[in-house]
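This report goes through one structure by topic. The sequence and coordinates come first, followed by notes on covalent links, charged pairs, rings and strands.

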Amino acid sequence: MKKAKAAREPAAAAQGAIADSRTSEQGPVSVAATGCDASLWNHVYNPSRLQQLSPCISVTGTVEESSADDDGDQHFLVKLDPGHENLVNKRNRKKKNGDLVGEIVCANTVQLKKAKRACAGYTNPIAIPKVGDRVRMTGTYVLDSHNGWTEVHPVFKLGKLPAAR
């Protein structure tokens with residue numbers, strides 16, 4: 001019963017967020033995006049755990065944490081710029097300090113044996129952001145059903161932006 005409620009919260013937030021386009025202190029905020037390549041899903045380890053909320057969004061924020069996962073993905077946390085707060089759910093707020101999780105698939109050497117097939121023959125060309133970088137992250141907005149938080153996974157594009165004023 002608890003899982004069903006957790007799944008509804010980000011889905012409801014997504015309905016308002018995905019088509020949203022408004023202005024924040026740093027300029028226009030546009031969540032819906034284009035340019036996501038669905039073939040990157042071929043390199044997502046265990047994709048059944050990810051409930052797709054929107055096929056392609058773009059958000060901006062500052063990288064607060066970054067680490068390599070055993071499945072070869074680069075896992076990082078982004079403190080979202082004003083106007084994107086509705087993309088995080090209660091679990092993000094509790095376990096990820098209110099940050100949105102980003103995952104660059106196949107960015108590192110795969111340590112987990114059962115994940116090797118997902119990255120076989122593919123290395124992601126996206127540059128891994130540094131902690132403190134302000135970025136624009138574009139990818140699929142999902143609910144990770146194993147952890148209960150929302151993510152951009154896989155990240156299709158990541159660009160470094162000037163620091164916020």
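Is Asp144 buried or exposed? Asp144 counts as buried because its relative accessibility is 3%, which falls under the 20% limit. The model is a predicted one.

## The salt bridge of Asp144

The partner of Asp144 is Arg49, and the closest N and O atoms of this salt bridge are 4.0 Å apart. Arg49 has a relative accessible area of 10% and is therefore buried.

The two residues come from distant parts of the chain, 95 residues apart. Asp144 belongs to strand 6, which covers residues 134–144, whereas Arg49 is in the loop between strand 2 and strand 3.

## Other salt bridges

In the whole structure, the search finds four salt bridges. One of them pairs Lys79 with Asp99, with 3.1 Å between the closest N and O atoms. Lys79 lies in strand 4 and Asp99 in the loop between helix 2 (90–95) and strand 5, so this contact ties together parts that are 20 residues apart in sequence. The accessibility of the partners is as follows: Lys79 counts as partly exposed, at 31%, while Asp99 counts as buried, at 1%.

Another salt bridge is formed by the side chains of Arg134 and Asp81, at 2.7 Å from N to O. Arg134 is in strand 6 and Asp81 in the loop between strand 4 and helix 2; this pair links distant parts of the chain, 53 residues apart. Arg134 is buried because its relative accessible area is 13%, under the 20% limit. Asp81 is buried too, with a value of 6%.

## Disulfides

How many disulfides does the structure hold? There are two, and counting the bonded cysteines along the chain gives the pattern 1-2, 3-4.

Cys36 is joined to Cys56 with an S to S distance of 2.0 Å. The angle about the S-S bond is 75°, and the link is right-handed. Cys36 sits in the loop between strand 2 (27–30) and strand 3 (50–68), and Cys56 in strand 3; the pair links distant parts of the chain, 20 residues apart. Cys36 counts as partly exposed, at 23% relative accessibility, whereas Cys56 counts as buried, at 10%.

Cys106 is joined to Cys119, with 2.1 Å from S to S. This link is left-handed, with -90° about the S-S bond. Cys106 lies in the loop between strand 5 and helix 3 (116–119) and Cys119 in helix 3, so the disulfide ties together parts that are 13 residues apart in sequence. Both cysteines, Cys106 and Cys119, are buried.

## The barrel

Five strands form a closed barrel in the order 3-4-5-7-6, and the pairing is mixed. On average, neighbouring strands of this sheet are turned by 50° against each other, direction ignored.

Within the barrel order, strand 4 (residues 74–80) pairs with strand 5 (residues 100–104) in the antiparallel sense, over five bridges. Val78 stands opposite Leu100 of strand 5.

## Rings and charge

How many aromatic pairs does a search of the whole structure find? The count is zero. The ring of Trp149 does have a charged group over it: the charged end of Lys96 sits there, 4.4 Å from the ring centre.

Key. Residues are numbered from 1 along each chain as its sequence is written. This is a predicted model: local features need pLDDT of at least 70, side-chain atom pairs count only at pLDDT 80 or more; totals for chains, interfaces and linings use all residues. Side-chain values use heavy atoms; hydrogens and water are left out. Two strands pair if DSSP finds at least two bridges between them. Helices (H or I, at least four residues) and strands (E, at least two) are DSSP runs, numbered from the N terminus. Axes are lines fitted to C-alpha atoms, for helices over the stretch in contact, and angles run from 0 to 180 degrees between N-to-C directions. Rings of Phe, Tyr and Trp (its six-membered ring) pair if their centres lie within 6.5 Å; planes under 30 degrees apart count as stacked, over 60 as edge-to-face and the rest as tilted. A charge sits over a ring if NZ of Lys or CZ of Arg is within 6 Å of the ring centre and within 35 degrees of the ring normal. A disulfide is a pair of cysteine sulfur atoms within 2.5 Å. Buried means under 20% relative accessible area, exposed over 50%, partly exposed in between (1.4 Å probe, protein chains only).
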